[in-house]
Each structure stands twice: as C-alpha cells, then as structure tokens.
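Me: I am new to protein structures and would like to look closely at just one part of this one. Could you pick a helix and walk me through it?

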Amino acid sequence: MQVMVHRRERIVITAIDVINELGVQALSTKRIAQMEGVSESTVFKHFASKNAILHAVLDTYGQFDSDIIESIQLKELACIDSLFYYTEAYTQYYENYPAITAITQGMDEMRYIDGLAPVVDAIKSKRRCFLMALIERGQKEGVIKPEVLPEVVADIIVGMVLASVGRWRSESFGFGLNRFCKVALQVIVDGIVINPLQQDVCAAVTKNER
Amino acid sequence: MRFLIVEDDLVSRRLLEKILGQYGNYDLATNGLEALELYQAQQEKGESYALICLDVMMPKLDGVRVLKAIRDYEEKFNLEADRKAKVILITALGESQIVREASAHGYDAYLPKPFDMTVLTDLLKQFDLLA
C-alpha cells in the first residue's frame, strides 16, 4: 500500500479519522504517527506542524467546491435545480464519507487555531456567496421572490445543512442525510419561489430527465 | 476477465455491477484507498484488471489521485500493455477542473453521471471487453 499512496495523503486521511473519532483537540502528530505505525519524525518530513496538517485537512474538505460550482455552470441548470444539485452534491458526499462531517462541525473550533481562520472563512464564504448568487439569479429570472434577501436564504440553507449534519452525527448516522436535506430544502424553496406551480413543473421535468 | 468498480454511490454501483457482471467478475471499492489496495493486491498476484470504472468524488482519496497512483505504478513497474487497465472516469461533476486534471494522468473514457447503460456497453465493445 505504501507503494501506491503517498505518505502525505495517508496522514491527511488519518487526521480526518482522528478528528472524527476524538475531535480536533485530540489531533496530534504523535497520535497520527502511532496510527500510521511510523515515527513522529516521519510525519514531520511531510508536515512541519499539527497546524499544517489541519490546513491540509481543510484543503481536502473544500477540494470539490470549485468543481461543483463549475459543474452547475457547465450543466446550465435552472436556478432551483442548481440549489438542489449544489446541496445534494455535498450531502451525498457526506453520506458516503461520514468522517468528513467532523470537519463540517469542527470548522468553528479550527478558526481559533493559528493561521486557520482565513482558510475556514474562505471555504464558508465561497459556499455562501455561491448560494447568494443563485438566489440573485433566480430573482432576476423571475423565479424567486424579489423581496427575499439572498444572504438570509443562503444562511438558512447553510444552517439547515449544518443542523442536519449535526443531528445525523449525534444520531449515529441513523437516517438518510441526503434525503432529509432534499426535503428540508424543498420547504425552503417553497417559501421563496414566486409561483409554486412553476417550481412543480421544474421538479417534474428534472425528475423525468433523471 | 476482471473489473474493478470504484464507486461510493449505491445506485451507480448497482448499475455498474449489473452491466459488468454480464462480461466478467468484478471487485468493489467504495473509496479511493480501498481501490488502490485491491489494485495492488491484484498486481501482486501477477494479475490485472481489464477495466476500472472510477468515480471522481469519493471518500478518503478522490478518483483523480487514484488514477494518478495507478498510472505512476504502471510506469514505475514498467507494466506491459496487457497489464495496464483501461480506466473509465465516471462523475456527476461534468468536465470541470478536476476532470481536466485527470486527463493529464490519462483515462481512456469519460462517462458523465447519470450514465447511459448503452454508452457503457459501447465503451466495453470499443475496448474489446465483451468476452
């Protein structure tokens, strides 16, 4: 296995597992070395410090952000479909990789670690800004009510996913996260679209295409 | 003939099993690390996968890094052409940056999700894998 997977990549994967099982505070280069079956000096060959490992963990956490956004643009999805695609891309990924949701929950804690606040803020800002842009687009297209504030809707959607992930984790991943968030997002969308009938048409067309 | 299905989504995985199962045996991996473990085990037995269906957005190690690791392995151990796997990249992400990065490592075909079964079968035919 050592032949195929670079030690640096393994360290990041192990770090995510540690955070998932024990929390951000429990992460240490010593613990990672133990779990990897190597010396701490081997870990330091790849990462200068624990903070550097956490930086790489955050990079991994946000690695698909640009691709998901670009994918929506390439597919030229309607704005409501884009909202569902965007949310589902994450919740489906989280459902298949439960450990990564420890980072979702741990990001606020990571903000207080030296050098990580800008990284955390950049990830959150990028996701929020994209949601706001989708809402604004929907308003321009006459699909979303002009009186809703894009930043409010974006925060509601982000908050919904965060709360769902938190409950999912505390309930030992005992319900379908992706399905639950789709239902919850539909509730939000129903409240912001101008014409519910238009939304039903979009949903029916999308369902047929799937 | 042996295939490797690397896919974390249950529905897509079932579909791939159904199609590929008609033409040979297969192994399943639901994350990138598992995929490389299976790949290396196969190589160490002196065998190889005829085809790897590789999802991009996956737990632990994404499909592009898996692809790179496989191609690096093939180069490092100077594998003969018949020991090198055909790789079909499968993704719902469209031809975004990560897929463009993958092209630098060399995949043989790209299949967007949700994928068409007939397109996959055509690819198998094109790769001469319909034994």
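Reply: Happy to! One term first: a polar contact is a pair of N or O atoms within 3.5 Å. Keep in mind, too, that this is a predicted model.

Let's take helix α3 of chain B, which runs over residues 63-76. Where it starts, B:D62 has a side-chain oxygen that comes to within 2.9 Å of the backbone nitrogen of B:V64. Now for the length: α3(B) has 14 residues, and at 1.5 Å a residue these should span 20 Å. The C-alpha atoms at its ends are 20 Å apart, so the expectation and the model agree. After the helix comes B:N78, with a positive phi near 50°.

Next, which residues of α3(B) are buried? They are B:G63, B:V64, B:V66, B:L67, B:A69, B:I70, B:R71, B:Y73 and B:E74. As you read that list, it helps to know that an α-helix has 3.6 residues a turn, so residues three or four places apart point the same way. The cover over the buried residues of α3(B) includes two helices of chain B, α2 (32-44) and α4 (97-105), along with the strands β3 (51-55) and β4 (86-91).

One of these buried residues, B:Y73, leads us to a neighbour: B:Q43 touches B:Y73. B:Q43 sits in helix α2 of chain B, and it counts as buried because its relative accessibility is 6%, where the cut-off is under 20%. Leaving aside residues up to four places away in sequence, B:Q43 also touches B:S48, B:L79 and B:R83.

How values were computed: Residues are numbered from 1 along each chain as its sequence is written. Chains are lettered from A and ligands numbered from 1 in the order in which they are written. This is a predicted model: local features need pLDDT of at least 70, side-chain atom pairs count only at pLDDT 80 or more; totals for chains, interfaces and linings use all residues. Side-chain values use heavy atoms; hydrogens and water are left out. Helices (H or I, at least four residues) and strands (E, at least two) are DSSP runs, numbered from the N terminus. The expected span of a helix is 1.5 Å times one less than its number of residues. Buried means under 20% relative accessible area, exposed over 50%, partly exposed in between (1.4 Å probe, protein chains only). Contact means heavy atoms within 4.5 Å. A polar contact is a pair of N or O atoms within 3.5 Å; within protein, one must be able to donate a hydrogen and the other to accept it, and residues adjacent in sequence count only if both atoms are side-chain atoms.
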